[in-house]
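Please open the structure in your viewer and keep the selection panel at hand. The stops below follow one another, and each says what to select and what is there.

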Amino acid sequence: MVNTKVTLCGLELDNPVIPASGTFGYGEEFAALYDINMLGSFSFKGTTREPRFGNPTPRIAECSEGMLNSVGLQNPGIDEVVGTILPQMKAYFHKPVIANIGGFSVEEYVDCAKKADGADNVGWIEVNISCPNVHGGGLSFGTSPAAAAEVTAAVKAVCKKPVIMKLSPNVTNIAEIAAACETAGADGVSLINTLLGMRIDLKRRKPILANKTGGFSGPAVFPVALRMVYEVWEAVKIPIVGMGGVQSARDVLEMILAGATAVQVGAANLREPMVCKTIVEELPRLMASLGISDLSEIRGASHG
């Protein structure tokens, strides 16, 4: 008998499998396909202070071994999520959920985090610091250790629940950003968000995406994500949630060997809605075949 349970920032999960924000909505559509309570948790759609329609279309482009998206944080706003969607979620998901929040200023992050923190079925606040800082020239908060630390400290000041900072891979040294978040009080980090990419339409001779560039995700980014989780493990002591191209139980175990406590599954949900169910079912069988009785035995075990 193997044990798939993990503890993420003080809260126990039945398994480390978590659908990633932006690929699972608020869980309702997937709950119609299978009992999503078999998941460790899920990170709901990135939420901002005001409702957002998102970027103009087209905002999805296919790529070999992945996809590009520039959806632009389309969401109904934090008040609608906290006031209506989270109470409705209790009917089909009976575990703590991860509240993914975004913002274009420190003040907006604080407002969203404080409201999400007050919802009783939210277990963690996941802060997406890949949003452009409108007061800092448009650069992502996650590209600067100082800016990442500023958001972390501000959110921690208004939250009682664990705060997990979601890191951008579009930096020179992601471990440095993670360490800055830890020093500022983060309870955990999640990585990676999407890589920046683009495609060009040969006939139109223009970028396919209306926004020109978008976030690249899918199987092709897994080796990059794994390397970054490995590097961050050596830089911080707080829990890591690994993500980026994960699509199988084998990928989950690789992420844990690199240092992850839990693992998020993103783009794979869009291609195969049952993928997380399959991973949850396959994980104990794979662990048994490899002689792994408890995931804590292998966390970070790939490091010398």
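Which residue in E8 does Val127 stand opposite? Select Val127 together with Met165, since the model, which is a predicted one, places Val127 opposite Met165 in strand E8.

Next, widen the selection to the whole of strand E7, residues 122-128, and of strand E8, residues 163-166; these two strands run parallel and are joined by 4 bridges. Another pair to pick out here is Glu126 and Ile164, the latter being the bridge partner of Glu126 in E8.

Now turn to strand E6, residues 97-101, which pairs with E7 in the parallel sense over 5 bridges. Within this pairing, select Ile98 and then Trp124, its bridge partner in E7. If you add helix H3, residues 106-117, to the selection, you have a right-handed β-α-β unit made of E6, H3 and E7.

With E7 still selected, show the rest of the structure around it: 7 of the 7 residues of this strand are buried, that is, under 20% relative accessible area, so E7 is largely enclosed by the rest of the structure.

Finally, select the sheet as a whole, an open sheet of 7 strands with parallel pairing, in the order E3-E15-E14-E9-E8-E7-E6. At its edges stand strand E3, residues 17-19, and E6, each with a single partner strand, so one side of each is left without a neighbour in the sheet. As you rotate the view, note that neighbouring strands of this sheet are turned against each other by 25° on average, direction ignored.

Definitions and conventions. Residues numbered from 1 in each chain as written. Predicted model: local features only at pLDDT ≥ 70, side-chain atom pairs only at ≥ 80, totals over all residues. Heavy atoms only, no water. Buried < 20%, exposed > 50% of the residue type's maximum accessible area, 1.4 Å probe, protein only. Pairing = 2+ DSSP bridges. Right-handed = clockwise from strand over helix to strand, strands pointing away. Axes fitted to C-alpha atoms, helices over the stretch in contact; angles between N-to-C directions.
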